[in-house]
Amino acid sequence: MMQSTNKIPKSTIVIALVIVFGAMAPLLDSTMINIAINDLVTSFHSSVTTVQWTVTCYLLATGVAVPFSSWLLNKFDGKLVFLAGEVLFGIGSVLSALAPNIQFLIAARLVQGFAGGIIMPLLTTLIVQTAGAAVMGQMMATVGLPMILGPLFGPIIGGIIIKFVSWRWIFWINVPVVIISILLIIWKMPHYPAQNKAAKMDFIGILLLVMASSSVIYGMVKAAHSANFTNQTTLTFIGAGGLALVMYVLWGWRQKSRAVLPLDLFHFRSFNGSGLGLFMAGTVLNGAMLLLPLYFQNVQQMSVINAALALLPQGLGMLVSRSLTGKLTDQLGAKYVVLGSVLIAFIGTLPFYWFDQNTAYWLIAIVLFIRGIGAGGILMPLMADAYTGMRADQVPAATIGSRIIQNVGSAFGSALVTTVVMSYSTSHVKTFTSQLKARKFHVDPSHLQAFSTAHLTAIRTAAFQNGFLLISLAALAIILPTLLLTNKMKPRA
């Protein structure tokens with residue numbers, strides 16, 4: 001029989017919403033910057049490869065900051081740590097908006113990324129401490145609101161800013177959001193006493209985790225740029241990341257509970273299932289987030305703003321499933337919610353394997369809405385179930401572990417999808433070009449231009465279709481870690 005839904009006190013919801021609002025600026029910013037890449041190239045007379053570092057460095061700085069959040073919560077009041085993260089993000093935003101050259105912007109993005117890396121784990125940790133375990137599903141649905149609204153509205157806001165004003169306003173727009181957030185934190189947020197003031201920072205553990213996550217993320221980014229996983233840089237950095245991870249395991253085994261990420265957390269089945277699921281979700285969520293706008297621009301031939309608007313049905317689907325997902329997670333447990341969600345996401349992604357430039361948008365919109373319902377129910381139950389059965393003092397470390405896994409999974413998923421699409425396109429275009437030069441095609445010279453255009457369009461479409469097939473299969477693969485998640489369904493007496 002299902003458990004009854006626990007009522008969340010209004011005061012708890014208010015605190016959760018204040019914490020969530022504090023995460024809005026980092027999440028909007030991280031989705032808007034992608035729209036501005038071409039404008040930044042033009043504005044700074046730079047190259048796409050150089051400008052991409054504004055995204056890569058943000059990711060890397062986030063990875064560096066995550067392990068510090070646990071120590072900061074042990075040593076200081078959680079309210080003050082969250083406040084400091086907001087102030088630092090605001091400073092990084094102002095510096096980014098004022099950047100005189102691309103090198104300055106990259107450095108400012110490092111400041112933003114570090115602040116974001118402090119804010120995002122605190123978002124989860126403080127809500128767990130505020131709400132307790134019984135209503136974690138519903139609370140994680142609240143936490144998930146900015147994670148849905150960021151990707152939903154970020155590209156649209158970014159597209160409008162780029163079209164009507166300047167890319168600098170992508171960063172200026174953060175300033176009023178940060179100021180309001182700071183005022184709300186001071187006014188409405190309670191104090192979260194330091195967990196353990198005597199705690200010593202595990203510098204060696206943090207260094208090893210930073211090296212492991214940063215090396216793997218950097219290797220994945222290089223794989224995406226090179227359109228293959230076998231380039232020397234990717235292999236070197238992933239190898240270095242793997243070595244740092246092995247060294248951390250040995251260090252964590254020696255340090256026991258003093259380690260920044262204690263290995264005894266991996267004794268919890270739910271934590272393991274959550275971690276594996278979050279890693280795989282990087283392909284299903286982040287990989288698709290990267291691929292869909294490009295699909296609308298490159299296959300459906302839409303403008304940047306129209307491509308962003310075309311994603312609205314998916315966002316609406318996510319909003320529909322958000323509150324229901326939280327309640328069901330608290331009633332049924334994460335296992336069945338994630339299982340149902342990944343199957344719906346699979347159904348809402350697989351049709352893209354057959355969609356091409358002639359597919360009617362109304363049909364795409366229906367499929368996207370279905371995909372949104374499924375995608376909206378994957379992340380939150382996985383995040384909520386990471387803490388099942390844990391003591392309060394284990395929550396900050398569990399947040400670090402799940403956040404690092406999620407960061408690496410996001411980078412891996414984006415790189416995997418990009419690499420599959422780019423490598424297919426590159427190899428087939430190369431083959432077609434060589435066959436064209438060798439006169440393998442018997443085409444009338446007057447029709448050669450139209451023939452080439454049609455053939456290249458077909459290759460580009462097929463490349464995207466393969467990317468969507470990969471995302472569909474990744475959704476099915478998440479079924480495996482769901483077997484380790486919590487089941488609250490009790491057999492009838």
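## Internal cavity

In this predicted model, the search for enclosed space yields a count of 1 cavity of 30 Å³ or more, and the volume of the largest cavity comes to about 50 Å³. Rolling a probe the size of a water molecule over the atoms shows where empty space is left.

## Lining residues

The largest cavity is lined by Thr124, Met383, Ala386, Tyr387, Thr399, Ser402, Arg403 and Gln406. Helix H18, which covers residues 395–437, provides the largest share of this lining, with 4 residues. Sorted by class, the lining of the largest cavity comprises 3 nonpolar, 4 polar and 1 charged residues.

## Overall fold and dimensions

The protein contains 20 helices and 0 strands, and its C-alpha trace spans about 80 × 65 × 45 Å along the principal axes. Because a compact globule of 493 residues would be expected to have a radius of gyration near 23 Å, the 23 Å found for the protein agrees with that expectation.

## Burial, contacts and surface

Of the 493 residues in the protein, 54% count as buried, where the cut-off for burial is a relative accessible area under 20%. Among the contacts in the protein with a separation of 6 or more, 84% are accounted for by residues 24 or more positions apart.

The area that the protein exposes amounts to about 21,500 Å², and carbon and sulfur atoms supply 69% of this exposed area.

Terms used. Residues numbered from 1 in each chain as written. Predicted model: local features only at pLDDT ≥ 70, side-chain atom pairs only at ≥ 80, totals over all residues. Heavy atoms only, no water. 1 Å grid on protein atoms, 1.4 Å probe; cavity = no way out; pocket = protein on both sides within 12 Å on 5 of 7 lines; lining within 4 Å. Points joined across faces, edges and corners; volume = space filled by probe spheres on them. Helix = DSSP H or I, 4+ residues; strand = E, 2+ residues; numbered from the N terminus. Nonpolar A, V, L, I, M, F, W, Y, C, P; charged D, E, K, R; others polar. Rg over C-alpha atoms; globule rule 2.2 N^0.38 Å. Buried < 20%, exposed > 50% of the residue type's maximum accessible area, 1.4 Å probe, protein only. Contact = heavy atoms within 4.5 Å. Areas by Shrake-Rupley, 256 points an atom, 1.4 Å probe, with all protein chains shown as cover.
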